[in-house]
Amino acid sequence: MERRYPVPWRTASAGRGGGMGGQARCALVFGGSGPIGRRVCARLVARGWRVTAVSRAPGLASAGVEWRRGTLPAAGAGEGFDAIVSCGPLDLFSRWYADTPAGAARVVAFGSTSLHVKRDSSDPSERDVAARLADAEARVAAAARARGAAATLLRPTLVYGAGGDRSLSRVAALARRHGFFVLPHDARGLRQPVHVDDLADAALAALERLAVDVRAYDLPGGEALAYREMVARVLASLRPPVRLWVLPGALFGLAAALARRLGAHDAGAAVLARMREDLAFDAAPARRDLGYAPRGFRPEAGMFEPPQAGSTPR
Ligand SMILES: NC(=O)c1ccc[n+]([C@@H]2O[C@H](COP(=O)([O-])OP(=O)(O)OC[C@H]3O[C@@H](n4cnc5c(N)ncnc54)[C@H](OP(=O)(O)O)[C@@H]3O)[C@@H](O)[C@H]2O)c1
């Protein structure tokens, strides 16, 4: 699903430095210490960008990245950069971007396919998440348009690959703690888990596009598989591997409710029901415009560990 915002076409500027005269281009990255942000920072540095990363706590030391402490939505100045990348909470970033002078720097901001998935959820708090994501995208689009800046909104599906994510790394942590993992037999909704490195490549491709426009892309992974199969592959990748128990739906419902009461997990009814729903998105627009070519789902145990100090992202 691609959304286009009407933006008058403008000539792309080379930006400050712009790779000319040997001067490095400068990027301001929000959320640089998160799972996606760490890989984006590493890619930028590898391509010769000077990176200023903003977060509330300083991130892990990383060559070529200067850390700035800031709390969105009041996170300091935005002028003097060729690019601004948001890898943290989109809602807060959109408020900072709308309220802070930032020139015509190219903007790449990560949102989420939750915008589609949770729009009609039975859970009001999930519908609120979807509405806030949609509002945030619209705010970024309007502010970019007013400045004549290019903006690309990237919506990943379920992210894995760098540890510390709130989905498969949590599944892995629960499975390690209890020595098993339980799913209902009909947890067969389609999923397209997407690797952080494919997202970082998409962000870099968006920064290097010549077109000055405002676009949004869904970014699914390169393979669609049943929820049950996705979890089974994660459990099989752990060292030692963890066993998956498949229960009849009614029995699973009782077990999940009891486990929630005991504090073993915090997944609500809407989350559990979604295991049966297909959540599949079209990568074709991103493939066409960003050369997006996500990998299939081949998990390895290290992908679900918390990040280590000094570890070098691939
Ligand atoms: N991970 C997923 O499964 C997934 C799936 C789909 C979409 N997304 C989207 O992709 C983006 C990145 O996700 P992510 O999981 O890599 O990271 P995240 O957990 O959304 O954000 C973490 C980063 O944002 C910083 N941050 C959080 N609150 C902040 C604040 N108030 N002010 C300044 N910095 C703040 C954190 O550092 P500090 O805590 O030190 O401030 C950290 O660097 C988000 O927009 C997310 O919604 C993620």
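Here is a friendly exchange about helix packing, buried residues and cis peptide bonds in this predicted model.

Me: Which residues does the UniProt annotation "domain: NAD-dependent epimerase/dehydratase" cover?
Reply: The annotation comes from an unreviewed UniProt entry. The stretch that carries this domain label is residues 138-210.

Me: How far apart are the end C-alpha atoms of residues 138-210?
Reply: Happy to look at that span. In secondary structure, residues 138-210 are 47% helix and 23% strand. The C-alpha atoms at the two ends of the span are separated by 22 Å.

Me: Are helices α2 and α4 roughly parallel or roughly antiparallel to each other?
Reply: Helix α2 spans residues 90-99 and helix α4 residues 124-147, and their axes are 9 Å apart. The angle between them is about 25°, and angles under 35 degrees count as roughly parallel. The two helices are therefore roughly parallel.

Me: What is the handedness of the crossing of α2 and α4, and which residues make the contact?
Reply: The crossing is left-handed. From α4, the contact takes in R132, L133, A136, E137, R139, V140, A143, A144 and R147. From α2, the partners are L90, D91, F93, S94, R95, Y97 and A98.

Me: How do the residues of the contact of α2 with α4 divide into nonpolar, polar and charged?
Reply: Charged members of this contact include D91 and R95 of α2 together with R132 and E137 of α4. Nonpolar ones include L90 and F93 of α2. The full division is 9 nonpolar, 1 polar and 6 charged.

Me: What covers the buried residues of α2?
Reply: Good one to trace in the structure. The buried residues in α2 are L90, D91, F93, S94, W96 and Y97. Their cover includes β2 (26-30), β5 (83-86), β6 (106-110) and α4.

Me: Is E126 buried or exposed?
Reply: E126 sits in helix α4. Beyond residues up to four places away in sequence, E126 touches K118, S121, A270, V271 and R274. Its relative accessibility is 7%, and the cut-off for buried is under 20%, so E126 counts as buried.

Me: Are helices α1 and α6 roughly parallel or oblique?
Reply: Helix α1 (residues 35-46) and helix α6 (residues 196-208) have axes 9 Å apart and an angle of about 50°. Angles under 35 degrees would count as roughly parallel, and 65 to 115 as roughly perpendicular. The angle between these two helices therefore makes α1 to α6 oblique.

Me: How many nonpolar, polar and charged residues does the contact of α1 with α6 have?
Reply: This crossing is right-handed. On the α1 side are P35, I36, R39, V40, R43 and L44, and they meet V196, D197, L199, A200, D201, A203, L204 and L207 in α6. By class, that contact has 10 nonpolar, no polar and 4 charged residues.

Me: Which residues does V196 touch, not counting residues up to four places away in sequence?
Reply: V196 belongs to helix α6 and is buried, with a relative accessible area of 1%. Its C-alpha atom is separated from that of T71 by 24 Å, the two being 125 residues apart along the chain. The residues V196 touches are P35, I36, R39, V159, Y160, G161 and A162.

Me: Which residues is T152 in contact with, leaving aside its neighbours within four places in sequence?
Reply: T152 is placed in strand β7, residues 151-156. This residue is buried, at a relative accessible area of 2%. Its contacts are V107, V108, A109, A206, R215 and Y217.

Me: Where is P73, and which residues does P73 touch?
Reply: P73 lies in the loop between β4 (65-69) and β5, and a cis peptide bond with omega about 10° joins L72 to P73. The proline is partly exposed, with a relative accessible area of 39%. The C-alpha atoms of P73 and A138, 65 residues apart along the chain, are 16 Å from each other. Leaving out residues up to four places away in sequence, P73 touches L92, R95 and W96.

Me: Is the peptide bond from R239 to P240 cis or trans?
Reply: P240 is found in the loop between α7 (227-237) and β14 (243-247). Omega for the bond from R239 to P240 is near 0°, and the bond is cis.

Notes
Residues numbered from 1 in each chain as written. Predicted model: local features only at pLDDT ≥ 70, side-chain atom pairs only at ≥ 80, totals over all residues. Heavy atoms only, no water. UniProt positions renumbered as here; feature names shortened; annotations may be inferred. Helix = DSSP H or I, 4+ residues; strand = E, 2+ residues; numbered from the N terminus. Axes fitted to C-alpha atoms, helices over the stretch in contact; angles between N-to-C directions. Parallel < 35°, antiparallel > 145°, perpendicular 65-115°, else oblique. Left-handed = near helix turned anticlockwise from the far one by under 90°. Contact = heavy atoms within 4.5 Å. Buried < 20%, exposed > 50% of the residue type's maximum accessible area, 1.4 Å probe, protein only.
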